[in-house]
Amino acid sequence: MRARDLLPALCGPFRETTSLLSWQYPDILLGDGKGPPRRVTDDHLPAQGRFSGGAPFTVEVAGGREGRTRFRPEIRGERASLLLYGAARRG
């Protein structure tokens with residue numbers, strides 16, 4: 001399962017979504033001394049929308065950040081909340 005599949009698997013299908021792809025960190029720093037290569041994929045995706053039942057959602061998928069939890073989905077409902085932490089890059 002990919003990270004993008006988690007929300008609909010837990011909360012139901014999307015009714016509407018909007019998102020914006022961007023590069024926050026275009027250079028990839030490596031220790032080879034040859035200079036940083038350029039990133040070829042986007043590293044930031046903020047998205048928002050509604051599930052088919054009408055509940056709103058927001059998501060931020062970001063790469064290139066150091067010192068932060070790499071995977072942290074948080075789902076808040078009327079009676080309970082679900083918060084997951086993952087240390088791997090892809091959850």
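The exercises below, each with a worked solution, concern a predicted model of one protein chain.

**Exercise 1. Overall make-up**

State which secondary-structure elements the protein chain has and in what order they run.

Solution. Begin with the inventory: the chain has one helix and five strands. Next, read the elements from the N terminus, which gives the order α-β-β-β-β-β. The helix therefore precedes the strands, as the order α-β-β-β-β-β states.

**Exercise 2. Burial and surface**

Find what share of the 91 residues is buried, and how much area the chain exposes.

Solution. Buried residues amount to 14% of the 91 residues. The exposed area of the chain is about 7,500 Å². Carbon and sulfur atoms supply 51% of that area. For contacts with a separation of 6 or more, residues 24 or more positions apart account for 38%.

**Exercise 3. Strand pairing**

Determine in which sense strand 2 pairs with strand 1 and with strand 3, and name residues that stand opposite each other.

Solution.
1. Strand 1 pairs with strand 2 in the antiparallel sense, over five bridges. In this pair, Ser19 stands opposite Ala47 of strand 2.
2. Strand 2, residues 44–51, pairs with strand 3 in the antiparallel sense over seven bridges. Here His44 stands opposite Ala62 of strand 3, and Gln48 stands opposite Thr58 of strand 3.
3. Strands 2 and 3 form a hairpin with four residues between the strands. In this hairpin Gly54 takes a positive phi near 105°.

**Exercise 4. His44**

Is His44 buried or exposed, and with which side chain does the His44 side chain make a polar contact?

Solution. First place the residue: His44 lies in strand 2. Its relative accessible area is 11%. The cut-off for buried is under 20%, so His44, at 11%, counts as buried. Then turn to the partner: the side chain of His44 makes a polar contact of 2.9 Å with the side chain of Glu60.

**Exercise 5. Salt bridges**

How many salt bridges does the structure hold, and which residues are linked in a network of them?

Solution.
1. The count is three salt bridges. As background, side chains of opposite charge can pair when their charged atoms come close.
2. The side chains of Arg15 and Glu16 meet in one of them, at 4.0 Å from N to O.
3. Glu16 also meets Arg50 through their side chains, again at 4.0 Å from N to O. This pair links distant parts of the chain, with Glu16 in strand 1 (residues 14–19) and Arg50 in strand 2, 34 residues apart.
4. Arg15, Glu16 and Arg50 are thus linked in a network of salt bridges.
5. Glu74 and Arg76 meet through their side chains in a salt bridge of 2.5 Å, N to O.

To complete the solution, classify the accessibility of these residues. The cut-off for exposed is over 50% relative accessible area.

| Residue | Relative accessibility | Class |
|---|---|---|
| Glu16 | 43% | partly exposed |
| Arg50 | 32% | partly exposed |
| Glu74 | 34% | partly exposed |
| Arg76 | 61% | exposed |

Arg76 counts as exposed because its relative accessibility is 61%, whereas Glu74, at 34%, counts as partly exposed.

**Exercise 6. Gly63**

Where is Gly63 placed, and which residues is Gly63 in contact with once its neighbours within four places in sequence are left aside?

Solution. Gly63 sits in the loop between strand 3 (56–62) and strand 4 (74–76). With a relative accessible area of 24%, Gly63 is partly exposed. Leaving aside neighbours within four places in sequence, Gly63 is in contact with Tyr25 and Asp43. A further distance concerns Trp23: Gly63 and Trp23 are 40 residues apart in sequence, and their C-alpha atoms are 9.3 Å apart in space.

**Exercise 7. A nonpolar patch**

Which residues make the nonpolar surface patch of about 230 Å², and is Leu82 buried or partly exposed?

Solution. The patch is made by Leu10, Leu82 and Leu84. Of these, Leu82 is found in strand 5, which covers residues 81–83. Residues of a patch need over 30% relative accessible area. Leu82 has 36% relative accessibility and so counts as partly exposed.

Technical notes:
Residues are numbered from 1 along each chain as its sequence is written. This is a predicted model: local features need pLDDT of at least 70, side-chain atom pairs count only at pLDDT 80 or more; totals for chains, interfaces and linings use all residues. Side-chain values use heavy atoms; hydrogens and water are left out. Patches are made of residues with over 30% relative accessible area and no salt bridge: like charges are joined within 9 Å, nonpolar side chains (Val, Leu, Ile, Met, Phe, Trp, Tyr) within 5 Å. Accessible areas come from the Shrake-Rupley method with a 1.4 Å probe; for residues, only the protein chains shown count as cover. Helices (H or I, at least four residues) and strands (E, at least two) are DSSP runs, numbered from the N terminus. Buried means under 20% relative accessible area, exposed over 50%, partly exposed in between (1.4 Å probe, protein chains only). Contact means heavy atoms within 4.5 Å. Two strands pair if DSSP finds at least two bridges between them. A polar contact is a pair of N or O atoms within 3.5 Å; within protein, one must be able to donate a hydrogen and the other to accept it, and residues adjacent in sequence count only if both atoms are side-chain atoms.
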